[in-house]
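Student: I should like to go through this model and ask, for each label, what justifies its use.

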Amino acid sequence: MSNHSVISTDKAPQAIGTYSQAIKAGSTVYLSGQIPLVPETMELVDGDIEAQIEQVFSNLIAVCEAAGGSLQDIVKLNIFLTDLSHFALVNEVMARHFNQPYPARAAIGVAALPKGAGVEMDGILDIA
């Protein structure tokens with residue numbers, strides 16, 4: 001991986017498997033999925049699904065900043081939900097964190113996520 005670099009920060013949850021928090025290749029950063037783990041405890045955040053969504057964004061922000069970028073540099077965001085009825089809430093929270101133009105996005109309903117999380121997000125940044 002000569003032109004790739006690993007992005008890592010203790011301000012986001014450490015990897016719980018065989019992956020990196022993010023990989024930078026040129027000016028593109030590939031963010032691994034973030035679930036609502038609190039970095040200090042590696043436990044799911046207390047609270048409802050909105051608290052989980054906010055924690056995921058906090059984790060994404062930390063990894064984006066460690067890569068030298070920000071949430072606004074995300075060009076593609078993937079959202080995985082165990083209950084698609086929370087989609088409107090994701091839009092509300094997302095509107096608090098992003099300015100237009102919004103990133104391209106997919107929202108996918110899944111049967112289950114690691115550690116029983118209700119939401120997971122990954123993305124791609126362009127920090128050119």
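Student: What makes the pair of glutamate 54 and arginine 96 a salt bridge?

Tutor: The model is a predicted one, and the distance is computed from it. The closest N and O atoms of glutamate 54 and arginine 96 are 2.7 Å apart. A salt bridge requires a side-chain nitrogen of Lys or Arg within 4 Å of a carboxyl oxygen of Asp or Glu, so the term applies. Glutamate 54 lies in helix 1 and arginine 96 in helix 2, so this salt bridge ties together parts that are 42 residues apart in sequence.

Student: Which residues are joined into one network by salt bridges that share partners?

Tutor: The network consists of Glu50, Glu54 and Arg96. Glutamate 50 also forms a salt bridge with arginine 96, with the closest N and O atoms 2.8 Å apart. Here too the pair links distant parts of the chain, glutamate 50 being in helix 1 and arginine 96 in helix 2, 46 residues apart. The count of salt bridges comes to two.

Student: Why is glutamate 54 called partly exposed?

Tutor: Its relative accessibility is 23%. Buried means under 20% and exposed means over 50%, so a value in between is called partly exposed. By the same reasoning, glutamate 50 at 28% counts as partly exposed, and so does arginine 96 at 48%.

Student: Is asparagine 59 buried or exposed?

Tutor: Asparagine 59 is buried, because its relative accessible area is 1% and the limit for that term is under 20%. This residue is found in helix 1. Leaving aside residues up to four places away in sequence, asparagine 59 touches Ala12, Pro13, Gln34, Ile35, Pro36, Leu37 and Pro39. Other buried residues of helix 1 include Gln52, Val56 and Cys64.

Student: How do you know that the length of helix 1 agrees with expectation?

Tutor: At 1.5 Å a residue, its 18 residues should span 26 Å; the end C-alpha atoms are 26 Å apart, so the two values agree. At the start of helix 1, a side-chain oxygen of aspartate 48 reaches to within 3.2 Å of the backbone nitrogen of glutamate 50. Just after the helix, glycine 68 takes a positive phi of about 90°.

Student: Which residues touch the most other members of the largest nonpolar core?

Tutor: They are Leu31, Ile53, Phe57, Leu77 and Met121, in a core of 28 residues. Helix 1 provides the largest share of this core, eight residues. Isoleucine 53 itself touches Leu89, Val90, Val93, Val119 and Met121, when residues up to four places away in sequence are not counted. A second, separate core has five residues, among them Leu37, Phe80, Leu113 and Ala117.

Student: What makes strand 2 and strand 3 a pair?

Tutor: Strand 2 (residues 22-25) and strand 3 (residues 28-34) share four bridges in the antiparallel sense. At least two bridges are needed, so these strands count as paired. Alanine 25 stands opposite threonine 28. Two residues lie between the strands of this hairpin, where glycine 26 takes a positive phi near 65°. Strand 3 also pairs with strand 8 in the antiparallel sense, over five bridges; there, valine 29 has leucine 125 as its bridge partner.

Student: Why is valine 110 called partly exposed?

Tutor: Its relative accessible area is 22%, and a value between 20% and 50% is therefore partly exposed. Valine 110 is found in the loop between strand 7 (104-109) and strand 8 (119-126). With residues up to four places away in sequence not counted, valine 110 touches Phe80, Leu81 and Thr82.

Definitions and conventions. Residues are numbered from 1 along each chain as its sequence is written. This is a predicted model: local features need pLDDT of at least 70, side-chain atom pairs count only at pLDDT 80 or more; totals for chains, interfaces and linings use all residues. Side-chain values use heavy atoms; hydrogens and water are left out. Buried means under 20% relative accessible area, exposed over 50%, partly exposed in between (1.4 Å probe, protein chains only). Contact means heavy atoms within 4.5 Å. A nonpolar core is a set of buried Ala, Val, Leu, Ile, Met, Phe, Trp, Tyr and Cys residues joined through side-chain atoms within 4.5 Å. The expected span of a helix is 1.5 Å times one less than its number of residues. A polar contact is a pair of N or O atoms within 3.5 Å; within protein, one must be able to donate a hydrogen and the other to accept it, and residues adjacent in sequence count only if both atoms are side-chain atoms.
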